[in-house]
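Please look through the structure below with the text beside it. The paragraphs that follow take it part by part.

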Amino acid sequence: MNKITLDFVKKTVIPRKSATHKGNYGRILIIGGNQNFGGAAIMSATAAVYAGAGLVTTATDPMNFTALHARLPESMVLDFNDLDALSTMMAKMDVVVIGPGLGTDAPSEQILRTVLNQVSENQSIIIDGSAITLIAAKKLTLPRQGHLIFTPHQMEWQRLSDITIANQTDANNQQALQKMVTQNKNIYLVLKSNQTKVYLPNQEIWVNTTGNPGMATGGSGDALTGILAAFIGQFKPLSASILAGVYTHSAVADQIYQEQYVVLPQRLSERLPYFMHQLADRSNQAHQLGFHF
Ligand SMILES: NC(=O)C1=CN([C@@H]2O[C@H](COP(=O)(O)OP(=O)(O)OC[C@H]3O[C@@H](n4cnc5c(N)ncnc54)[C@H](O)[C@@H]3O)[C@@H](O)[C@H]2O)[C@@H](O)CC1
Ligand SMILES: Nc1ncnc2c1ncn2[C@@H]1O[C@H](COP(=O)(O)OP(=O)(O)O)[C@@H](O)[C@H]1O
Ligand SMILES: [Mg+2]
């Protein structure tokens with residue numbers, strides 16, 4: 001089993017080049033946040049912005065526009081009920097997150113179907129939360145094109161794979177993935193738990209080495225989706241960006257957990273730019289990230 005370590009992550013999160021602009025660091029679309037779960041979309045978008053995404057647009061229920069603008073003016077907004085506008089926007093995006101707080105009612109399903117139908121070859125789609133629950137419940141067909149990154153927690157993976165949590169062994173999980181590969185051969189599985197594992201299309205399995213129970217609070221997974229989107233939009237190759245994102249999310253949480261009983265996702269996002277600065281700091285030969293601020 002491969003372990004995601006700090007040295008590995010430092011090879012992926014590299015210093016920025018001078019002759020670049022926001023268009024070089026990923027156009028990200030976050031789709032989620034219905035009238036009950038607006039916070040999920042806001043936490044995902046916040047993490048994406050703080051993890052360095054070049055441009056972030058949040059497609060959500062208009063009820064959330066004011067809160068989102070007030071908390072995160074860096075994000076543009078779109079009414080996710082306007083399916084034509086959503087389709088047009090999808091076509092311009094490098095990375096799409098669908099699911100945080102999307103909900104599972106009929107309008108949510110229409111939004112998800114619209115998005116799955118629009119995925120193009122070079123896009124990466126992070127499929128989380130309600131989107132996973134809906135794909136499982138409605139047996140939706142996966143897009144043939146694009147890179148699909150599923151980020152279920154164990155219960156969501158149970159719904160999608162039909163494997164009970166107790167039986168989610170590597171062998172069983174790989175078998176379920178093989179069935180999904182008949183629909184799309186570029187499927188990545190980030191199976192979240194107290195010991196998150198990442199299953200790559202080349203059959204490698206990577207286990208995360210960071211994380212703590214302070215993260216067991218609503219919104220931690222929403223923040224992960226934003227970090228993954230931002231990393232995929234900025235760094236290469238795709239597999240390394242996913243692994244680095246998983247590590248960074250929990251490594252920042254570990255720093256907070258040294259001082260705080262619970263790791264609030266908003267606090268986690270605030271620290272991302274500091275942590276990434278340290279990761280990319282080539283003068284820091286000691287490879288130590290035990291700083292406090
Ligand atoms: N502030 C917000 O707006 C929030 C919205 N959320 C959204 O709410 C929707 C429903 O997601 P939920 O995950 O809350 O509900 P789910 O019903 O999908 O899953 C939660 C259930 O799974 C069980 N479970 C078993 N193993 C687990 C594991 N390893 N990690 C987490 N749960 C595990 C839990 O005990 C619980 O019964 C999603 O769209 C999600 O994005 C959540 O992210 C919470 C915060
Ligand atoms: N006890 C724990 N130890 C380590 N990581 C945890 C623990 N509990 C939760 N996490 C992490 O927090 C995140 C929770 O994701 P998720 O359940 O989707 O949250 P939400 O949907 O509320 O945002 C995952 O990244 C998971 O690995
Ligand atoms: Mg979740």
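Is Ile-227 buried or exposed? The model shown here is a predicted one, and in it Ile-227 has 28 C-beta neighbours inside 10 Å. A residue counts as buried when 20 or more other C-beta atoms lie within that distance, so Ile-227 is buried. Ile-227 belongs to helix α9, which covers residues 220-234. Its contacts beyond four places in sequence are Ala-47, Ala-51, Gly-245, Thr-248 and His-249. Of these, Ala-47 is 180 residues away from Ile-227 in sequence, yet the two C-alpha atoms are 5.5 Å apart in space.

A second buried position is Gly-101, in the loop between β5 (95-98) and α5. Gly-101 counts as buried because it has 28 C-beta neighbours inside 10 Å. Leaving out residues up to four places away in sequence, Gly-101 touches Gly-32, Gly-33, Asn-34, Phe-37, Gly-38, Gly-39, Ala-40, Ala-41, Gly-129 and Ser-130. Gly-33, one of these, is separated from Gly-101 by 68 residues in sequence and by 4.4 Å in space, taken from C-alpha to C-alpha.

The next topic is the packing of helices. Two packed helices are described by the angle between their axes and the distance between the axes. For helix α5 (residues 106-118) and α6, the angle is about 90° and the axes are 10 Å apart. The two helices are therefore roughly perpendicular to each other, since angles of 65 to 115 degrees are put in that class. On the α5 side the contact is made by Ser-108, Glu-109 and Leu-112, and on the α6 side by Ser-130, Ala-131, Leu-134 and Lys-138. This contact of α5 with α6 holds 3 nonpolar, 2 polar and 2 charged residues.

Helix α6 (residues 129-138) also meets helix α7 (residues 154-161), where the axes come within 8 Å and cross at roughly 25°. An angle under 35 degrees counts as roughly parallel, so α6 and α7 are described as roughly parallel to each other. The crossing of α6 past α7 is left-handed. Which residues of α6 meet α7? They are Ile-132, Thr-133, Ile-135 and Ala-136, and they face Glu-156, Arg-159 and Leu-160 in α7. By class, the residues of the contact between α6 and α7 are 4 nonpolar, 1 polar and 2 charged.

Two ligands are present, and each has a shell of residues around it. Around ligand 1 there are 20 residues, the closest being Gly-39, Gly-129, His-153, Met-155 and Gly-218. The elements that supply two or more residues to this shell are α2 (38-50), α6, α7 and α9. Sorted by class, the shell around ligand 1 has 12 polar, 6 nonpolar and 2 charged residues.

How many residues surround ligand 2? There are 17, and Asn-194, Gly-211, Ala-216, Ser-220 and Gly-221 are the closest. The element that gives the most to the shell around ligand 2 is α9, with 4 residues. The shell around ligand 2 is made up of 11 polar, 4 nonpolar and 2 charged residues.

Some points of the backbone deserve a separate look. Most residues other than glycine have a negative phi, and most peptide bonds are trans. The peptide bond from Lys-236 to Pro-237, however, is cis, with omega near -15°. Pro-237 sits in the loop between α9 and α10 (238-257).

Lys-139, which is not a glycine, has a positive phi of about 50°. Lys-139 is part of the loop between α6 and β7 (147-150), and it counts as exposed because it has 7 C-beta neighbours inside 10 Å. Gln-203 also has a positive phi, near 80°. Gln-203 lies in the loop between β9 (197-199) and β10 (205-208). With 9 other C-beta atoms within 10 Å, Gln-203 is exposed.

The last stop is Arg-282, in the segment after α11 (265-280). Arg-282 has 8 other C-beta atoms within 10 Å, so it is exposed. Arg-282 and Lys-10 are 272 residues apart in sequence, while their C-alpha atoms are 9.3 Å apart in space.

Terms used:
Residues numbered from 1 in each chain as written. Chains lettered and ligands numbered in written order. Predicted model: local features only at pLDDT ≥ 70, side-chain atom pairs only at ≥ 80, totals over all residues. Axes fitted to C-alpha atoms, helices over the stretch in contact; angles between N-to-C directions. Parallel < 35°, antiparallel > 145°, perpendicular 65-115°, else oblique. Left-handed = near helix turned anticlockwise from the far one by under 90°. Contact = placed C-beta atoms within 7 Å. Nonpolar A, V, L, I, M, F, W, Y, C, P; charged D, E, K, R; others polar. Buried ≥ 20, exposed ≤ 12 C-beta atoms within 10 Å, placed from the backbone. Near = placed C-beta within 6 Å.
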